[in-house]
Amino acid sequence: MYEHHTPLDLVRCRPVDGPVVCTRPDRLAVASRWFQDHFPGHVLFAVKANPSAWVIDGLYQSGLRWFDVASLPEIQLISQRCPAATMAFMHPVKAREAIHRAYFEFGVRIFAFDCEEELAKIVEETCYAQDLTLVARLAVSNDGATLPLAGKFGANVFQAPELIRKARSYAQKLGVSFHVGSQCMSPNAYRMAMRDCSNMIVRAAVTVDIVDVGGGFPTIYPGLVPPPMQDYITAICEAFETMMVLENAELWCEPGRALVAEAASVLTRVELRKGNQIHLNDGAFGCLYDAVYAKWPFPVRVHRKSGEASTQTQSYQLFGPTCDSMDTWPYEVELPVDLQEGDVLEFGNLGSYGETMATRFNGFGQVQHARVQDMPFPSVFSESAEAVGVGQRT
Ligand SMILES: *Cc1c(COP(=O)(O)O)cnc(C)c1O
């Protein structure tokens, strides 16, 4: 781990011959504190967004104690680094061995499911345990999401009532959960999802102890600026008031993207310029999977070893380093007209679903970390960041 004041300082004192993740632990702490201070319930970090040690340790140090885990390796990671953590095994489809070991070796008591078959696996593999918190994942509309997640998981309105009723008989505590889809731009999506859940609970006619509103909380990207974060909390609190749940029911949330996005950016070097084609040393099989495949509009800055790049821009085709033709941006990007070999692009607000997506395909993708202190990209937790001028999609 290197330490520099800014990414430019780093570019000026060492070669960026592979992707460098610039970490901003202060931004991680700000996001973590914001959720802990504003969300009226348990905040579970969705580990898949970024399972790096600096993230897990940073969140733990900032007081976060609950983690949404999806696999045995994630459970092992959290139990090693965070001794007093509570883990919720929220993947709706789990290996039987993983359920068994989660319960008996790692002390996991919270399990999600979205059908009777999975519920049966949990009950059997925990040997009919009496201390289970069972959370039914319900299908809700993903209309407000930039990246819809509906269609794979979730019991629908016809299946949910019977499923919730069945689970009640095995559960010490019973919860319902949903996911409105990632980068949800509308607080109203939570309101509608909670209304749908409440209707399903009424039809099931059982008591519910937990409402878990899932992830989906947004960060800022150019062209994807969400309403104030407080609006999401307000919408959730208002909807919770009207739900048919126990008076002392708990509210949970599982943010991934919003907790870590602002805490890291990724540096990648221009290895070659051929006309308007730019070849980078990171791409679709590295930290920039979401930039390429999800066409996510990350903010971009340019750093040059000596001097400064032009403020005039033109559009470029971008390519990642591997030999696969899929490693190609499907849209053009506005960057300085005099962009040249050796220049370094910084993709911002890429702490979530960045380094965690990197493969080692073709010998690329090994990242280095550098801790920096600047705050150049827009934030959902404060208004002090300047706008970033280049890197817009064209
Ligand atoms: C991915 C995921 C999350 C986190 O989603 P974000 O959109 O990153 O906030 C939360 N809960 C579950 C069950 C998930 O699969």
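**Cysteines, a ligand and a surface patch**

The sulfur of Cys-184 is 13 Å from the closest cysteine sulfur, in Cys-253, and that is too far for a bond. A disulfide is a pair of cysteine sulfur atoms within 2.5 Å, and this structure holds zero of them. Cys-197 is in no disulfide either, as its nearest cysteine sulfur, that of Cys-184, is 14 Å away. With a relative accessible area of 0%, Cys-197 is buried, and Cys-184 is buried at 0% as well. (Buried means under 20% relative accessible area, exposed over 50%, and partly exposed in between, using a 1.4 Å probe and protein chains only.)

A word on what you are looking at: this is a predicted model, where local features need pLDDT of at least 70 and side-chain atom pairs count only at pLDDT 80 or more, while totals for chains, interfaces and linings use all residues. Residues are numbered from 1 along each chain as its sequence is written, and side-chain values use heavy atoms, leaving out hydrogens and water.

Now turn to the ligand. It is surrounded by 13 residues, with Lys-48, Ser-182, Glu-254, Arg-257 and Tyr-353 the closest; to be counted, a residue needs a heavy atom within 4 Å. A polar side-chain atom of Tyr-353 lies 2.6 Å from a ligand oxygen. Another ligand contact involves His-179, with a side-chain N or O atom 2.9 Å from an oxygen atom of the ligand. Taken alone, the ligand exposes 390 Å², and the protein buries 89% of that; such areas come from the Shrake-Rupley method with a 1.4 Å probe, and for residues only the protein chains shown count as cover.

Finally, look at Tyr-293, which counts as partly exposed because its relative accessibility is 33%.

Technical notes
A polar contact is a pair of N or O atoms within 3.5 Å; within protein, one must be able to donate a hydrogen and the other to accept it, and residues adjacent in sequence count only if both atoms are side-chain atoms.
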